[in-house]
Amino acid sequence: MMEAQKILLLLFCLNLVSSLVIAGAPPTCAANLDSKCADSDEWKGEFFPGIPKIKYEGPSSKNHLAFKWYNPEEVILGKKMKDWMRFSVAFWHTFRGTGSDPFGVPTKSWPWEDGTNSMAMAKRRMRANFEFIDKLGVDFWCFHDRDIAPDGETLKEANANLDEVVALAKELQGTKVRPLWGTAQLFSHPRYMHGAATSSEVAVYAYAAAQVKKAMEVTHYLGGENYVFWGGREGYQSLLNTDMGREIDHMANFFESAAAYKKKIGFKGNLLIEPKPQEPTKHQYDWDAATAANFLRKYGLINDFKLNIECNHATLSGHSCHHDIETARLNGLLGNIDANTGDPQVGWDTDQFLTDIGEATSIMLSVIKNGGLAPGGFNFDAKLRRESTDVEDLFIAHIVGMDTVARGLRTAAKLIEDGSLPELVRKRYQSFDSEIGQKIEAGKADFEMLEKKAMEWGEPKVPSAKQELAEMIFQSAI
């Protein structure tokens with residue numbers, strides 16, 4: 001009997017010591033609803049247990065939780081890779097994506113979700129966001145106001161909710177991490193069914209302005225480097241009941257007010273307009289990159305705004321992503337890139353992670369010519385596929401997206417350093433290096449002068465464009 005009591009006492013002591021050790025250590029239980037430590041807003045346990053910090057291991061690595069091509073500190077063409085990229089995590093797809101689509105209900109509910117859109121849930125998501133960012137090893141995140149904080153019965157209540165969540169975000173992000181950009185969600189609420197800045201109702205226009213004002217303020221407070229306008233509902237269903245000219249004028253007035261308020265609060269980042277293609281919802285007013293540039297020029301906003309180019313939007317507009325990025329660059333308007341892609345067999349905005357090395361290389365050729373994107377960067381406005389439901393998949397998707405863009409940078413740098421492709425382009429236009437060619441490019445050659453030269457030269461001899469050779473050089477580098 002005495003021996004049994006000694007054993008029980010020993011086990012009690014061991015259990016007590018173990019409990020004290022555990023109590024003194026940071027909590028490491030999983031963030032799920034069965035865990036008591038998930039009940040409090042102050043809980044600081046792991047949301048992604050078993051997921052290490054993602055490291056660079058090189059192309060030969062077989063570890064699916066490691067970078068093969070993205071080495072943040074490696075210098076390429078005089079700049080660290082992380083400074084070329086400035087990668088950002090999109091809060092709405094990463095932490096609010098549910099896998100739902102027009103034909104099906106949500107397929108995902110992460111372990112930390114409780115099925116509500118409460119303030120406690122908003123704070124828990126924010127903690128998950130910054131753990132994810134830390135383990136992925138990026139310095140930026142992006143958000144919509146209504147994605148990070150619940151709406152309210154009134155605008156005042158919605159603003160108070162946003163302030164409370166933003167205060168936590170400020171604490172969690174510390175001094176290293178900050179928003180690449182913020183924005184106001186002006187499309188899902190029924191009040192915006194006719195648009196926001198282009199709504200036919202003045203009260204809706206005023207509400208949208210107030211919502212943008214607040215979103216700009218919190219983006220500035222968090223140290224955000226840009227602010228984006230995405231016109232998801234800015235458009236029309238029928239011109240029979242629409243005054244298009246008046247609506248576009250209203251949108252220009254809205255942007256003008258935003259530019260004035262940016263200066264008033266001392267926000268130094270870029271204001272970005274995201275070109276939007278036609279969607280099944282309605283005909284859009286912010287069009288493709290070229291039309292958006294013309295809009296800014298027409299309304300005198302060309303010095304106040306740049307463009308946020310989304311690759312999937314470019315392809316839905318009938319262009320390549322490279323085309324819209326180059327169009328923005330040549331207009332001096334390239335501000336940021338939403339690194340995603342679409343399915344060529346599907347006619348809507350599927351927001352897939354970019355995995356095409358050729359497309360990434362083309363994109364990076366333009367980014368290099370632009371000298372980088374700062375204060376913009378690459379935002380992963382991309383979501384997991386409906387069928388991908390493991391928490392681990394969030395990391396795998398971002399890793400492959402980051403590796404794809406990084407490999408594109410490496411390939412683009414190789415093409416530039418090799419010089420064959422730039423030389424092919426130079427030779428194609430070398431006739432304009434002549435005296436008359438320089439006069440044409442300087443705007444000093446009138447039609448009479450050109451007619452005289454045409455008479456003198458006779459029928460032009462037109463050389464080959466060498467497109468197949470250009471494609472061979474490009475493909476050989478990948």
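Are Phe 255 and Phe 295 buried or exposed? In this predicted model, both residues are buried. The two rings form an edge-to-face aromatic pair, with 6.0 Å between centres and 85 degrees between planes. Since Phe 255 belongs to helix α8 and Phe 295 to helix α9 (residues 289-298), the pair ties together parts that lie 40 residues apart in sequence.

Phe 255 also takes part in a second aromatic pair, with Phe 229 as its partner. This pair is likewise classed as edge-to-face, at 5.2 Å centre to centre and 75 degrees between the planes. It links distant parts of the chain, Phe 229 being in strand β8 and Phe 255 in helix α8, 26 residues apart. Phe 229 has a relative accessibility of 7% and therefore counts as buried, the cut-off being under 20%. For Phe 255 the relative accessible area is 7%. Altogether, the structure holds 29 aromatic pairs. Elsewhere, one aromatic cluster is formed by Phe 47, Phe 48, Phe 91, Phe 95, Trp 110, Trp 112, Phe 130, Phe 132, Trp 141, Phe 143 and Phe 395.

Strand β8 and helix α8 appear again in the description of internal cavities. The structure contains 3 cavities of 30 Å³ or more, and the largest has a volume of about 160 Å³. Its lining comprises 18 residues; those nearest the centre are Leu 186, Phe 229, Trp 230, Gly 231 and Glu 234. The elements contributing two or more residues to this lining are β8 (226-230) and α8 (244-265). The greatest contribution comes from β8, with 4 residues. By class, 12 of the lining residues are nonpolar, 3 are polar and 3 are charged.

Helix α12 (residues 357-369) was examined separately. This helix has 13 residues and spans 18 Å from its first C-alpha to its last, close to the 18 Å expected at 1.5 Å a residue. Because 12 of its 13 residues are buried, α12 is largely enclosed by the rest of the structure. The buried residues are Ile 357, Gly 358, Glu 359, Ala 360, Thr 361, Ser 362, Ile 363, Met 364, Leu 365, Ser 366, Val 367 and Ile 368. At the start of α12, a side-chain oxygen of Asp 356 lies within 2.9 Å of the backbone nitrogen of Gly 358. Just after the helix, Gly 371 adopts a positive phi of about 80 degrees.

How values were computed:
Residues numbered from 1 in each chain as written. Predicted model: local features only at pLDDT ≥ 70, side-chain atom pairs only at ≥ 80, totals over all residues. Heavy atoms only, no water. Expected span 1.5 Å × (residues − 1). Buried < 20%, exposed > 50% of the residue type's maximum accessible area, 1.4 Å probe, protein only. Polar contact = N/O pair within 3.5 Å; in protein donor to acceptor, adjacent residues only side chain to side chain. 1 Å grid on protein atoms, 1.4 Å probe; cavity = no way out; pocket = protein on both sides within 12 Å on 5 of 7 lines; lining within 4 Å. Points joined across faces, edges and corners; volume = space filled by probe spheres on them. Nonpolar A, V, L, I, M, F, W, Y, C, P; charged D, E, K, R; others polar. Phe/Tyr/Trp six-rings, centres within 6.5 Å; stacked < 30°, edge-to-face > 60°.
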